[in-house]
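Got your viewer open? Let's take a walk through this structure together, one selection at a time.

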Amino acid sequence: MPRHAPSTRLVTHEVTNQPPDFAGRNLYTSDPVLRDWARREGGEWVDAPLAALGADVGTEEVLQWGEEANRHPPELTVFDRYGRRIDEVRFHPSYHRLMDLAMGHRIHSIAWAEDRPGSHVAHAAMLALFTEAEQGTMCPISMTYASVPALRHNPAVAAEWVPKIVAGCYDAPLAPIAEKRGVTVGMAMTEKQGGSDVRANTTRAYPDGDAFRLVGHKWFCSAPMCDGFLTLANTGAGLTCFLVPRIRPDGERNTLHVMRLKDKLGNRSNASSEIEYHDTHAVLLGAEGRGVQTIIEMVHHTRLDTISGTIGIMRMALAQAHHHVANRRAFQKTLIDQPAMRAVIADLALEYEAAVALTLRVARAFSETGDSERAFARLAVAAAKYWLTKRNPNFVYECMECHGGAGYVEESPLPRLFRESPLNAIWEGSGNVIALDILRTLGREPAARDAFAAEAMAARGQNPLLDAAMEDVAARLKAVPAEADARRIAERMALVLQGSLLVRHAPAAVADAFIATRLGDEGARSFGVLPKGVDLDAIVARVQA
């Protein structure tokens, strides 16, 4: 709740030298880095919706909703008071307020509703902005956005469901789709015995008229109160993709039984569950036996959101750290004016800008229709997901350390951000899965390799360290690397692409320092170690407008 003039004169002492409250700012217009790269990659039109969202999510009220939704996690209600099965999850009111706000700003649909250059950049930047305020609600928002390409594999399904996504608003209660003002869509792929190896799935699908019945289980089903789920089950033709609605066409509840909710490290506001299918009604999406190829289109788009969510977490952590050190003194100086602290903030700012540049360049590729950009997106989103999500936990920790003990208490947003920071590296394929996926793409799609190389090499001749790194990566990609080198090549690909983007489009102080420390030998294994001569003032100036 808003606090009016907290007492600073206590019985034994006076409370001084504390930063003012953080809230009450536009999270978009106060972030020069996000604003510059969003307009560059998406076009000037993205500025208006992003500024409107930034104003809302930076209010004390919305930041408080985020705290409440995580402090009071969802609860599963399997039966009603009379013993009738309902399989419903009950959320704190703040969760519903957040979902309503997110869908009101069209985070889930702007990419499809606008259908013009930069529309996926607008989506990615909006998801990042909202993540600064609250992370868990972006799971159903992301899956709903990402479901559209897969739903379009069945024209009849798409005609019923896609308009409820593109033009829909938040309508929480379960009901037949015809009665809904808007829908959300989730995903349930993995099972206990296989995890990411979905070809080990044992769930079966049996023909049932013009639909199917599913029998089996799913080990991880996030946001089980969505109106429908994309899922995988085996038919006689092999692994197949289906849509499972929560309410059947006859108006009865579908037999999708929620067995329990996961007790997770973070992402507490979002319900993640284990489910079972007991002769559950399902509708075919795509051809039988082509389930992975169908659902991978949804996975591909959620991977964009894993990196968008990552830069949102990074930004809020950095903004909180900068706010703290710019408003607190120690040893006769404001903290940010202490050389060691200034170097830490500058190094974090380098990491953040490089992450934003990579994320929004990848998002632009999702908006393009040409074969080269689509091929680039397939490879670049995987490299970005591998690297950025791995950098996130240590980035957030370093921001926490900038606060000292004040960052380690639950009244601070830093513990929640820290608990959230590993999730995007695990969701939609953990590190080894993503790195090996990069190798498969390199082997199967020479066009993706060529498109990636062309984008990276566009900066050739502008920095000798970058040139050397680009040549090294190019040499490694002439043949498909061995599996043992998968992580090395994923990391180097991401770093080279980040360096290329910064050299071409970021201030020289940012680009030169990033390349010297990430691709040269002038950095270290922890943040805050920068070479002599780096323009710290120019870098730090881009943290806050």
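## The whole protein first

Start zoomed out. For 545 residues, a compact globule would have a radius of gyration near 24 Å, and the protein comes out at 24 Å, so the two agree. Keep in mind as you go that this is a predicted model. Lined up along the principal axes, the C-alpha atoms fill a box of roughly 75 × 70 × 40 Å.

Now colour by secondary structure: you should find 19 helices and eleven strands. If you colour by burial instead, 58% of the 545 residues count as buried. And how do the contacts reach along the chain? Among contacts with a separation of 6 or more, 72% link residues 24 or more positions apart.

## Stop one: a hairpin

Select residues 75-79 and 85-90. These are strands β1 and β2, which run antiparallel and are joined by four bridges. To see one bridge pairing, show Glu75 in β1 and look across to its partner in β2, Arg90. Then follow the chain from one strand to the other: five residues lie between them, and the turn includes Gly83, whose phi is positive at about 90°.

## Stop two: rings on rings

Next, show the aromatic side chains. How many aromatic pairs does a search of the whole structure find? There are five. One of them is Trp112 with Tyr145, a stacked pair with 5.6 Å from centre to centre and 25° between the planes. Trp112 belongs to helix α5 (residues 110-114) and Tyr145 to helix α7 (residues 138-151), so this pair ties together parts that are 33 residues apart in sequence. Are these two residues buried or exposed? Both Trp112 and Tyr145 are buried.

## Stop three: charges over rings

Stay with rings, but bring in some charged side chains. Select Phe22 and Arg25: the charged end of Arg25 sits over the ring of Phe22, 3.8 Å from the ring centre. Then jump to Trp219 and Lys262, where the charged end of Lys262 sits over the Trp219 ring, 3.4 Å from its centre.

## Last stop: helix α17

Finish by selecting residues 486-505, which make up helix α17. At 1.5 Å a residue, its 20 residues should span 28 Å; the end C-alpha atoms are 29 Å apart, which agrees. Turn on the surface around α17 and you'll see that the helix is mostly covered, with 14 of its 20 residues buried. While you look along a helix, here's a handy rule: an α-helix has 3.6 residues a turn, so residues three or four places apart point the same way.

Methods
Residues numbered from 1 in each chain as written. Predicted model: local features only at pLDDT ≥ 70, side-chain atom pairs only at ≥ 80, totals over all residues. Heavy atoms only, no water. Pairing = 2+ DSSP bridges. Helix = DSSP H or I, 4+ residues; strand = E, 2+ residues; numbered from the N terminus. Phe/Tyr/Trp six-rings, centres within 6.5 Å; stacked < 30°, edge-to-face > 60°. Buried < 20%, exposed > 50% of the residue type's maximum accessible area, 1.4 Å probe, protein only. Lys NZ or Arg CZ within 6 Å of the ring centre and 35° of its normal. Expected span 1.5 Å × (residues − 1). Rg over C-alpha atoms; globule rule 2.2 N^0.38 Å. Contact = heavy atoms within 4.5 Å.
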